[in-house]
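This report considers how a protein chain is divided, how its strands are arranged, and how it meets a partner chain. The sequence and the model are shown first.

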Protein chains: 2
Amino acid sequence: MSTLYLIPCPIAENALHTVPPYAQEIARDLDVFIVERAKTARHFIKSLGPNRPIQEMVFVELPDSPSSWGGVGAGTEEAEAVFHEAVKSGKNIGLLSEAGCPGVADPGAAIVALAHREGVKVVPLVGPSSILLALMASGMNGQRFSFHGYLPPKRPELAKELRRLENLSRQQDQTQIFIETPYRSQMVLEVALESLQPNTLFGVAQDLSGVGEFTRTLTVKDWNKSGKKTLEKSPGVFLVYCGNKDFSK
Amino acid sequence: MSTLYLIPCPIAENALHTVPPYAQEIARDLDVFIVERAKTARHFIKSLGPNRPIQEMVFVELPDSPSSWGGVGAGTEEAEAVFHEAVKSGKNIGLLSEAGCPGVADPGAAIVALAHREGVKVVPLVGPSSILLALMASGMNGQRFSFHGYLPPKRPELAKELRRLENLSRQQDQTQIFIETPYRSQMVLEVALESLQPNTLFGVAQDLSGVGEFTRTLTVKDWNKSGKKTLEKSPGVFLVYCGNKDFSK
């Protein structure tokens, strides 16, 4: 009987220590991998010191298209074929994204869904997730929260969406979480500080588990008064909260 | 300068291996802890083999009341006093819940918020979260999701809320996640299978990282046809998805 292991990868440079040894050991013993990018996956598996040559292992990539991030369909045929082949011969399979946890703000869910449909056991392994670490570090409401992926890239649409999330946070008493590419971090901060209400909490978490780790939550008012206003160009998670619990007093 | 470390604890029995060694080492070197429950926190720190007697460490509990789960306020005064005392003497502080990640479906956010207000550095450490593991293992949409904590305990209200989450999932293309106490798992499954649409995906994740780990996602139709219908009385995360991506074909 095959098992599909969901293998987390480090989210910062030189941060292999954030992947617990038991997860590393499981990954080291596999030889069929369905991955976001073969090059980085091979590099990761090599760094674990596998017992067999990497050339004897199978690495198949998930397609790059957005459709592969969610639904089964366009482009996953090759990965699905490798999955079925492995299941037929009773081999276990590893699912890896480039960084963090497969299937969470990363490709992979389609293969997990396939495993459930085929009755293949699914085992998620513990490791780093920027979304989870950012939420922990925000001090915002962790009893109710919502993750939205990427917001619109252009300033006017971003401002509008931030105000929508602010309203949603107030109405639903929910922390609203989103991500952005490194080079847009500064723009996100600027638009947030211009668009949100003075008492709304805005949180930034960058390069989590890395040497440049930065986490800060302040009210918009306090960001404008005293907060760090120049963000590094590193991977960032952003959080908005103005629910009914007073974290800002 | 003090740092507030957010320390994850195992979510299953005998699962210390799910907390990476670097997080264990940081926890072992601290001697001021703000915790959900002192007894379990002492037990956890003892299991790490600290260099000093446990009696020389400070453990202060967060209040039990729901208000402490989110906002600063009622009952956190003692923990806040310990926090201020530690910061004054330049000591680092550890924040721990009973299981999993502090501040995420667990108390602790109020202390993190306090740290941000006081300009104390906040460092979240990697470790197990049942919500994150359940989402990974669900095969549902991990690009957009929402966590709701506990749903209403009584059958009619639970059915109504499940149907609301189903609609929300469809409208927002979001995975909807909630938790329930072990002894109500079976009831949740029954009510879900009675209340949700046949093609809606329903996911169950129990005893994650434990010996009784169980993860399964099926359409409501397939749960009714062939799924495991008797759930163990173990801690459970439940997921609902009927967004616009076809995971069910």
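The text below proceeds from the overall dimensions of chain A to its domains, its sheets and its contact with chain B.

**Overall form.** The structure is a predicted model. Chain A contains eight helices and 10 strands. Its radius of gyration is 20 Å, close to the 18 Å that the globule rule gives for 249 residues, so chain A is as compact as a globular protein of that length. Along the principal axes, the C-alpha trace of chain A spans about 60 × 35 × 30 Å.

**Domains.** Two domains make up the division of chain A: domain 1 covers residues 3-124 and domain 2 covers residues 130-241. Their C-alpha centres lie 30 Å apart. Eight residues of domain 1 of chain A are in contact with eight residues of domain 2 of chain A. On the domain 1 side, this contact consists of five nonpolar, two polar and one charged residues.

**The five-stranded sheet.** An open sheet of five strands in chain A has the order β3-β2-β4-β1-β5, with parallel pairing. β3 (58-61) and β5 (121-124) of chain A stand at the edges with a single partner strand each, so one side of each is left without a neighbour in the sheet. From one strand to the next, the twist averages 20°. Within this sheet, β1 (residues 3-7) and β4 (residues 93-96) of chain A run parallel and are joined by four bridges; Tyr5(A) has Gly94(A) as its bridge partner in β4(A). Helix α3 (residues 77-88) of chain A lies across β2 (32-35), β3 and β4 of chain A, at about 155° to β2(A).

**The sheet shared by both chains.** A second open sheet comprises 10 strands in the order β9(A)-β8(A)-β10(A)-β7(A)-β6(A)-β6(B)-β7(B)-β10(B)-β8(B)-β9(B), and its pairing is mixed. Its edge strands are β9 of chain A and β9 (214-219) of chain B, each pairing on one side only. The twist here averages 15° from one strand to the next. The table lists three strand pairs of the model.

| Strand pair | Sense | Bridges | A bridge partnership |
|---|---|---|---|
| β6(A) and β7(A) | parallel | four | Ser146(A) and Gln176(A) |
| β6(A) and β6(B) | antiparallel | three | Phe145(A) and Phe147(B) |
| β8(B) and β10(B) | antiparallel | six | Phe202(B) and Val240(B) |

In chain B, helix α6 (residues 155-172) packs on the sheet and touches β7 (175-180) and β10 of chain B, its direction making about 50° with that of β10(B). In chain A, β6(A), helix α6 (residues 155-172) and β7(A) form a right-handed β-α-β unit. Helix α7 (residues 185-195) of chain A lies across β7, β8 (201-206) and β10 (236-241) of chain A, running at about 175° to β8(A).

**Contact between the chains.** Which residue stands opposite Ser146(A) in β6(B)? The residue is Ser146(B). The contact as a whole takes 55 residues from chain A and 55 residues from chain B. On the chain A side, α1 (21-28), α4 (109-118), β5, α5 (130-138), β6 and β9 (214-219) each supply at least two residues. By class, that side has 30 nonpolar, 19 polar and six charged residues. β6(A) thus takes part in the β-α-β unit of chain A and also pairs with β6(B).

Terms used: Residues numbered from 1 in each chain as written. Chains lettered and ligands numbered in written order. Predicted model: local features only at pLDDT ≥ 70, side-chain atom pairs only at ≥ 80, totals over all residues. Domains from an automatic or database assignment. Contact = placed C-beta atoms within 7 Å. Nonpolar A, V, L, I, M, F, W, Y, C, P; charged D, E, K, R; others polar. Pairing = 2+ DSSP bridges. Axes fitted to C-alpha atoms, helices over the stretch in contact; angles between N-to-C directions. Right-handed = clockwise from strand over helix to strand, strands pointing away. Rg over C-alpha atoms; globule rule 2.2 N^0.38 Å.
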